[in-house]
Amino acid sequence: MRDDEPVVKVAAVFAWASLDRDVPLRHIDLLLDVLTDPAVRPRFEQIWLLPDVEGPLTRDDVVPWVTGLFDHVPRIALSFVIRLAEAAERTADTGLRRVVLDEAWRLLVLLPSAAPSVLPLAARLLDCTDNCVRLKATHLLAMLAPHSAPYADRLATLLDDPGTDDISWIEGTVGAYARWALVRLGDPRALPGLVEYLCAPYREHYGRSYVMGDPRLPEIHEILAPLREHADVVLPTLLEEVRQQYAHRGEHGPLTGDLLKIAAKWGPDALPALPGILPLLDDAQYSLSVADVLVAMGPAAAFTAPAVRDAVVLDHPANHHKIAWAAWRIAGDDGTALRLLGEAVEHDQGPWYGPVALLSDFGSAAAEHAGRVRQIVEDAKHGQVEAAIALWAITGNPQPTLSVLENTVLSFTEEDDRYGYLLGALRGFIRIGATTPAARKALNIIRARDRRLSHYRDYRAILEDQELRSAMEAVLALPATD
């Protein structure tokens, strides 16, 4: 630490932190001064070498390591990144700008509280002349929606920006991320050319490559599914792209799967796609997904029930259950679905008890199976939430189910991080239309935590976190019953 070489001082802090993690906190100003000094920057490549790494490390390589030293104090880590960004602006340090945006992204996918600080940082860099910086800044504004709404006009000016990242090799263009940002903001300026742009790579054989945790574009269905109110604009173009893909390849490709996922979300608004979707019931790869689409479409798809019953995926017992359930949901039947599902629930030995979730749709008509469902609720290690919801649907008594849902939510105040179970419990409360005082208290604890409710560390972390927090708000608005 008393060495005359600034880079050695940074290395000393880094080494000392392995013995005392609070050392970087005491030397934070030193670290900032050295890392942001343009005169010192070239010296990292002369000094910072590792025995198992070919070639020296640059200043830009070292910055993320140093930022990581503050991870145990997230508030300080964020402040450190913001101060790095301010220094980069003063010195027009493009390399540091790139690294700062990476570190801001890393903190944003971990900490919801980072958003107010990251938003102006990213917005200031939208006009940067460096393509890599501009792309990463635009990506951040996409993820910060709806808070990035004040910058919609500036994002709209980037829709045709062809800039690509030739430094980090992140896929897509600045314009692609600007389109996605406007989609997430509900801005119709994103619509012209959107589907064609997203589908263009799939007109030839196309494979994606990315590093988990890095910025990247979502899947097509994740971008288009929220555009249900614009189905009349989006759907015809998407159907044409799927048709052309089939004509070119002679088989269905990835766009077909995207179409089915979007149609399942849009339900009746996807009815114009029905003539192209219905033949896929004869395709083992897609037939179960088609059944979900037809169920979502509702009464307008009732005429498809015979075709659903003849679907080609009956090589597995669980598929029989799903197909029978789907045919019943679409058009009703003579009791075949309830009989099949009831028998499956009575004889299922677990551990997942899959048919129980489907049985819940029959309500009191499944009363003869209430005893078995109650037993599953008491014994199941997996699928307990689904079984509890089915028990309520069959008996009309909410108390046993509310108790299970409450216990599920309470587990997340401790170490449980199975967020799919949490979302299932929240949807159960919403379906019943009531919650409990203990569950309400637990949800207030969970939503106050400054961490993303997701295992992912890319864009999905924010999307899942937003979905869970939205569901929590809906549950907290419900009446509480003891």
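Me: Which residues of α24 meet which residues of α25?

Reply: Thr401, Leu402, Leu405, Glu406, Thr408 and Val409 in α24 meet Tyr421, Leu422, Ala425, Gly428, Phe429 and Ile432 in α25. Contact means heavy atoms within 4.5 Å, and helices (H or I, at least four residues) are DSSP runs numbered from the N terminus. The model is predicted: local features need pLDDT of at least 70, side-chain atom pairs count only at pLDDT 80 or more, and totals for chains, interfaces and linings use all residues. Residues are numbered from 1 along each chain as its sequence is written, and side-chain values use heavy atoms, with hydrogens and water left out.

Me: How do the residues of the α24 contact with α25 divide by class?

Reply: Eight are nonpolar, three polar and one charged. Ala, Val, Leu, Ile, Met, Phe, Trp, Tyr, Cys and Pro count as nonpolar, Asp, Glu, Lys and Arg as charged, and the others, Gly among them, as polar.

Me: At what angle do α24 and α25 pack?

Reply: Two packed helices are described by the angle between their axes and the distance between the axes. Here α24 (residues 399-411) and α25 (residues 419-432) pack at about 145 degrees, with axes 9 Å apart. Axes are lines fitted to C-alpha atoms over the stretch in contact, and angles run from 0 to 180 degrees between N-to-C directions.

Me: How many cavities of 30 Å³ or more does the structure hold?

Reply: Rolling a probe the size of a water molecule over the atoms shows where empty space is left. On a 1 Å grid over the protein atoms alone, a cavity is a set of points where a 1.4 Å probe fits but cannot get out; a pocket is an open set with protein on both sides within 12 Å along at least five of seven lines; lining residues have an atom within 4 Å of a point. The structure holds one such cavity, of about 50 Å³. Volume is the space filled by probe spheres set on the points, which are joined across faces, edges and corners. Ala176, Arg179, Trp180, Leu194, Tyr197, Leu198, Leu217 and Ile223 line this cavity. Seven of these residues are nonpolar, none polar and one charged.

Me: Which residues lie nearest the centre of the largest pocket?

Reply: Glu222, Pro226, Lys265, Leu463 and Glu467, out of 20 lining residues. The largest pocket has about 640 Å³ of space, and α27 gives the most to its lining, with six residues. The lining has ten nonpolar, three polar and seven charged residues.

Me: Which helix supplies the largest share of the lining of the second largest pocket?

Reply: α25, with seven residues. This pocket has a volume of about 400 Å³, and its lining has seven nonpolar, six polar and three charged residues.

Note on methods: Helix = DSSP H or I, 4+ residues; strand = E, 2+ residues; numbered from the N terminus.
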